[in-house]
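Visitor: I'd like to go through this assembly with you and press you on the terms you use. Can we have it on screen?

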Protein chains: 4
Amino acid sequence: MTNTTGEIFKVTTFGSSHGKAIGAVIDGCPANLELCEEDIQIELDKRRPGVNELTTNRNESDKVEILSGVFDGKTDGTPITAIVFNKNKSSKDYEYLKNKPRPSHGDFTWISKYGNYDYYGGGRGSGRTTIGNVIGGAIAKKILSNYNIKVFAHVRQVGDIKAKEVDLDLIEEYSKSNNVRCADINAAKLMEKRILSLKENGNSVGGVVEVVTIGIPIGLGEPVFGKLDGEIAKALMNIGSVKGVEIGSGFKIAELTGREANDEFYIEGSNVKTSTNNSGGIIGGMSNGMPVIVRIAIKPTPSIGVLQRTVDLEDMKDVEIDIKGRHDPCICPRVTTVAESSLSMVLLDFMLRGGFIPPNNLNDKNK
Amino acid sequence: MTNTTGEIFKVTTFGSSHGKAIGAVIDGCPANLELCEEDIQIELDKRRPGVNELTTNRNESDKVEILSGVFDGKTDGTPITAIVFNKNKSSKDYEYLKNKPRPSHGDFTWISKYGNYDYYGGGRGSGRTTIGNVIGGAIAKKILSNYNIKVFAHVRQVGDIKAKEVDLDLIEEYSKSNNVRCADINAAKLMEKRILSLKENGNSVGGVVEVVTIGIPIGLGEPVFGKLDGEIAKALMNIGSVKGVEIGSGFKIAELTGREANDEFYIEGSNVKTSTNNSGGIIGGMSNGMPVIVRIAIKPTPSIGVLQRTVDLEDMKDVEIDIKGRHDPCICPRVTTVAESSLSMVLLDFMLRGGFIPPNNLNDKNK
Amino acid sequence: MTNTTGEIFKVTTFGSSHGKAIGAVIDGCPANLELCEEDIQIELDKRRPGVNELTTNRNESDKVEILSGVFDGKTDGTPITAIVFNKNKSSKDYEYLKNKPRPSHGDFTWISKYGNYDYYGGGRGSGRTTIGNVIGGAIAKKILSNYNIKVFAHVRQVGDIKAKEVDLDLIEEYSKSNNVRCADINAAKLMEKRILSLKENGNSVGGVVEVVTIGIPIGLGEPVFGKLDGEIAKALMNIGSVKGVEIGSGFKIAELTGREANDEFYIEGSNVKTSTNNSGGIIGGMSNGMPVIVRIAIKPTPSIGVLQRTVDLEDMKDVEIDIKGRHDPCICPRVTTVAESSLSMVLLDFMLRGGFIPPNNLNDKNK
Amino acid sequence: MTNTTGEIFKVTTFGSSHGKAIGAVIDGCPANLELCEEDIQIELDKRRPGVNELTTNRNESDKVEILSGVFDGKTDGTPITAIVFNKNKSSKDYEYLKNKPRPSHGDFTWISKYGNYDYYGGGRGSGRTTIGNVIGGAIAKKILSNYNIKVFAHVRQVGDIKAKEVDLDLIEEYSKSNNVRCADINAAKLMEKRILSLKENGNSVGGVVEVVTIGIPIGLGEPVFGKLDGEIAKALMNIGSVKGVEIGSGFKIAELTGREANDEFYIEGSNVKTSTNNSGGIIGGMSNGMPVIVRIAIKPTPSIGVLQRTVDLEDMKDVEIDIKGRHDPCICPRVTTVAESSLSMVLLDFMLRGGFIPPNNLNDKNK
């Protein structure tokens, strides 16, 4: 029961897939920041389901409403509460699942731990609860953008189809050009075809999402137990369906020697840079001014249209289930928005902890 | 500046490579636990340097002393402080490094962030500060073992040499048989040869360490921001030199379909198990009772015996450095102990948070 | 910007006097607890304004709505969100106050710190935001009552009128018999008369509220920085208008000698008790099983119907203001409910931290 | 088990009265601050026992040693560890107390909660553990003094002898002139006589200590659950023997009307001030720029030289005890140093949280 994240920019999320509402309370947002519902809506729309054939057909408008924390068009230093009401619920689809945990879904652990489990659409374990992350992330992103920090995620892999390396400057534009959100346009076509073909067969597929961050200052992160890479790993692993996080060269670095892996320094203008970026922008647990590059492994959506073996927890016997409901055949495209949100919250929090952003925008106050 | 980890079992570490002492304060350890210095020493000896030709030849006995928190041979609920004095320092080896950050070491970010930087042996950024983790981990491990929870790490990969899958029950025994701490004995020989050959050339190499946990109960972890996998990812990524963390099938799961990746349930006796373990023992952010399997990518030791390009931060010009000092050619074997420690602290903390261990061992109190 | 309180039973409150809504998110409430809106409403009704001539005539029904965290009539371990919409706002009453801080109100410090200040009705600094405390407190109180712990507050003093000592068992009944909520019925009459007379003159008056707790187990509190008395002092001092907190004999103990002040022990049945209770139920920062007795000093409502000197913060000049709006002439009676709520949250949090209540009511889960 | 205090300036203390050592780890201290052992020693000497006939005759030199966190004479952003070894122990004085809790001491609650209790000199419950507070406070005080913030405590009352109001500017000088640390020199003589007379009779006496803070900026404090007055109340109530905390007019404000109690504003130069200070420098939970005035009620030392009734917890029967050991007849003079320390830590923490002090003294870094 830990639904708050962040040390200074603290985001508490609440709500479940089929409950009345999903939302977030953001405490610690600097005051005097212009903020309106549209700032959040624009990000929610990116993760919204039902927008194309790659996503679930649960059609939710996901309109956000700000209940507190904004006065006269600007934040006022008090907690910002924003909520989205659940509208399009098909709760009857889930009745038969009671006490029969779906394989590789959270049902089993939720029931085991909490007893009273809201099994409709996965309850609080549903991907739908990441609406809370996106609300917090949208605000974080807006503030970061004031400091010229850009956070962008794209799909690097779907199944065994891997995207080619694309220049950092082009990733955003290219990946916006297709529904897969992949910056390698040729790969994107293959990925889309693969996803649709698996969808037809009631199957699903995993992938890899990469998050790129440009413009973060040197020194974010607090060794030894609040390191930037540690907090990033936590934030991204906390996203449902993520099974791995790697930074810079990641697991490939295991194969390298020191001579191959070391990032040598050089001076460029008044800045210190590294000629390679195997470190992915983080050394010693702190940002070194180079782009921060993070990749996450996403598992295939566990809801598939095939008979699966499970157990009846009431009768304690083996049974089979045939999962109904509406699901994404590949969740990677929509995870991009959630990953950007989660990473943005981490970065903003460290900006505030490190004094890179004045609390309450004291400077702005006098304008 | 975040040197405390854990919510209930809180471990604060302090000290630097060449300072007076390194140590840890453990607050929140249940009372009435038998504890002596030897319980900690046994783990410190596993990470101790200078014990064989695979490690640095800095020879430190690393004798631990308990200063508080133990009364009459048992913990008493007050903070446990344990320290190790630094003895074998070669501080003169580091004088020349002042203002010249070593590539892929933390020097650059530490100097940039904090200004006043203890550059001797990497200061607080040194791997030597993981002595604090091992102190905390040794106590955690001892308590976990009372609950039949076993945490064991071994080397899965060195450079491109990968160990074969070894039966869970045999990993500990086999990996103890060689200095590489690899459970695949044939691979271990190749790894040792590779490390020694690179060492001769002043080079180093990365690898992969796997941590296996057996016996943890169902339900550890607190969604949505305190998930078990999130906290594990953070704890392990916080270990210096780690660039990736994966759980269960990890990055390989990206290539799978839902049919391949899903872990189906079945009843065995009075337990619910899964027939495969692609989830690595964690679903929905909580343990499901299956073994927890985590792998981390370790970068090659960045201290190598070759001229490297860096910058002089005082004169702001490009320079070259030739790193002296004493270093491990492959840090993986010693990382196993640190990884076990860090994971043990996370697990114990969740056991206490979840009420699996009564605070203050109330049960034991009446014995 | 710290709007969360508690370590395990974490309550985050939000909202301002004239904003859309006021509410709370409760994270860490054990699962499987029966909970409905009426459980919260009953407490909100006690602090509701406009109910008699001793209170402000702002008439708010303060109907609560639960948005999340309750499934099938019981808590499910996920965050509970409950809100109250603001209905009866007279915002125009406050327009003239912009940049003119009311004496002894928070206006001045809020403007100074946050710049953008919601001056309508005191914004987030309004006593109305204690609706959040009462929501959290209502849930805490319900759980505590399952453990036979009773928390009750009454008015001990209004101006210089002091209530007589009343037997612990009778306080609740007697104090419910009058609008002042004073257990000494004669004093209550005098207090009521005093308050109404001051109200007529546009004046207000302070007082003392006492909170009594019966039935708490031995050992709540965590020395040396999380003591029970420390957390109680914080929780109660955090209530607006409180200027002092004392426990047991409080400030009177300063006048006593050790012989007079010491609480001697004796055996009663299988329990250890003290023959006096100068300690107010807490020694060494932990509960000792005796009733916990806490008193708080409440300042007179600072909104009074008389010209007062203040400053114009825009023009930086001395000015006078005549405060309009609707206010309680003595806030003590309504503070009783808030004080009970705040104390209940502290006690429940320690019950959970100390393992006195099983997380997720594991015991109940199997019923 | 909460031995850490502070959000950014985090102080963890450890150690017991008769254990090996007592100390503190300070995490979050800005880097680049000049710091040496003498800076801490000067404060420890103020609380040191055995210095005059008003204090216990346990003679401890209390020499502090810094183990980490200072490099080249300045803090370096890593945790500062400082310890004091216990030297002059008379542990045999306490053997007879095992299982016989001393009235109004923490023995009973410590035994009840933790089982294994270090009963020598009160173990961790001893006033001696406030050495940790003083270590943290000495560092906090030094930093605050760089910002012209002064924290000073003096004795206002001993038994029923009350000191006259003394001008803020003279308090420090006058109270340093006598062993009671009372700024009213005539009262100090009476107090000293009273204390010595009670000491002769094996008795003790309580009192009131006032802490005055000058120079703190407007806006320290974070409503609604991290208010300045809330944190002060907690920090001071956490000091052993404190039974009440009041701010500004404190409990006296209960007797006042709004007209009497309100602090009206006026302009002085470019500052906003209040013509009275019933608020004690805090309104709305934030500092308003006026002096912060706090008073605490101190109970009489519970160790007295007279037969007292208690219980034998092993045999569960009523017994009598005659307390030996060495004790202060009135702890107020020595509490002044501890109160200054605790308050300084709170103030520094809020200075850092509010951005009033740049993290890592970034400004100084470039000097």
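Guide: Sure, we'll take the contacts between chains, then the sheet, then one arginine; bear in mind that this is a predicted model.

Visitor: What makes chain B and chain A partners in contact?

Guide: The test is heavy atoms within 4.5 Å. By that test, 109 residues of chain B are in contact with 107 residues of chain A.

Visitor: And how much area do chain B and chain A bury between them?

Guide: About 8,200 Å², with 60% of it on carbon and sulfur atoms. On the chain B side, F225(B), K243(B) and F265(B) supply 11% of the buried area, more than any other three residues.

Visitor: Why is the pair E231(A) and K234(B) called a salt bridge?

Guide: The rule asks for a side-chain nitrogen of Lys or Arg within 4 Å of a carboxyl oxygen of Asp or Glu. Here the N to O distance is 2.8 Å, so the pair passes the 4 Å limit. Across the interface of chain B and chain A the rule finds four such salt bridges. There are also 59 residue pairs in polar contact between these chains, counting pairs with both residues at pLDDT 80 or more. As for the make-up of the chain B side, 45 of its residues are nonpolar, 42 polar and 22 charged.

Visitor: How do you know which symmetry relates chain B and chain A?

Guide: Superpose them and look at the operation: a rotation of 180°, 0.0 Å of shift along the axis, and an RMSD of 0.0 Å. The two copies are therefore related as by a two-fold rotation axis.

Visitor: What makes you say that chain B and chain A meet through the same surface?

Guide: The overlap of the two residue sets: 98% of the interface residues of chain B are interface residues in chain A as well, so the copies use the same surface.

Visitor: What about chain B and chain D, how many residues does each bring to the contact?

Guide: Chain B brings 48 residues and chain D brings 48. The area buried there is about 3,500 Å², and carbon and sulfur atoms give 57% of it. M1(B), F71(B) and N116(B) lose the most area to chain D in chain B, together 21% of what that side buries.

Visitor: Why does K20(B) with E65(D) count as a salt bridge?

Guide: The closest N and O atoms are 3.3 Å apart, and the limit is 4 Å, so the pair qualifies. The rule finds two salt bridges across this interface of chain B and chain D. The polar contacts come to 16 residue pairs, again with both residues at pLDDT 80 or more. Elements of chain B that each supply at least two residues to the side touching chain D include β3 (21-27), β7 (80-85) and α2 (107-114). By class, that side has 19 nonpolar, 17 polar and twelve charged residues.

Visitor: How do you know what operation lays chain B on chain D?

Guide: A turn of 180° with a shift of 0.0 Å along the axis does it, at an RMSD of 0.0 Å. The residue sets agree too: 100% of the interface residues of chain B are interface residues in chain D, so these copies also meet through the same surface.

Visitor: Why are β11 of chain A and β11 of chain B called paired strands?

Guide: Pairing needs at least two bridges, and three bridges join these two antiparallel strands, residues 242-247 in each chain, so they pass. In one of these bridges, V245(A) has V245(B) as its partner.

Visitor: What is the order of the open sheet of ten strands?

Guide: β9(A)-β8(A)-β10(A)-β16(A)-β11(A)-β11(B)-β16(B)-β10(B)-β8(B)-β9(B), with antiparallel pairing. The β9 strands (161-162) of chain A and chain B stand at the edges with a single partner strand each, so one side of each has no neighbour in the sheet. Within chain A, β10 (207-214) and β16 (292-298) pair over seven bridges, and G207(A) stands opposite I298(A).

Visitor: What makes the side chain of R181(A) a polar partner of the backbone oxygen of K46(A)?

Guide: That oxygen lies 2.6 Å from a polar atom of the R181(A) side chain, and the limit is 3.5 Å, so the pair fits. The backbone oxygen of P333(A), at 3.3 Å from a polar atom of that side chain, fits too. R181(A) itself lies in the loop between α4 (168-175) and α5 (185-200) of chain A. Its C-alpha atom is 5.8 Å from that of V155(A), 26 residues apart along the chain.

Notes:
Residues numbered from 1 in each chain as written. Chains lettered and ligands numbered in written order. Predicted model: local features only at pLDDT ≥ 70, side-chain atom pairs only at ≥ 80, totals over all residues. Heavy atoms only, no water. Buried area = accessible area lost by both parts, 1.4 Å probe. Polar contact = N/O pair within 3.5 Å; in protein donor to acceptor, adjacent residues only side chain to side chain. Nonpolar A, V, L, I, M, F, W, Y, C, P; charged D, E, K, R; others polar. Helix = DSSP H or I, 4+ residues; strand = E, 2+ residues; numbered from the N terminus. Least-squares fit on C-alpha atoms with pLDDT ≥ 70 in both.
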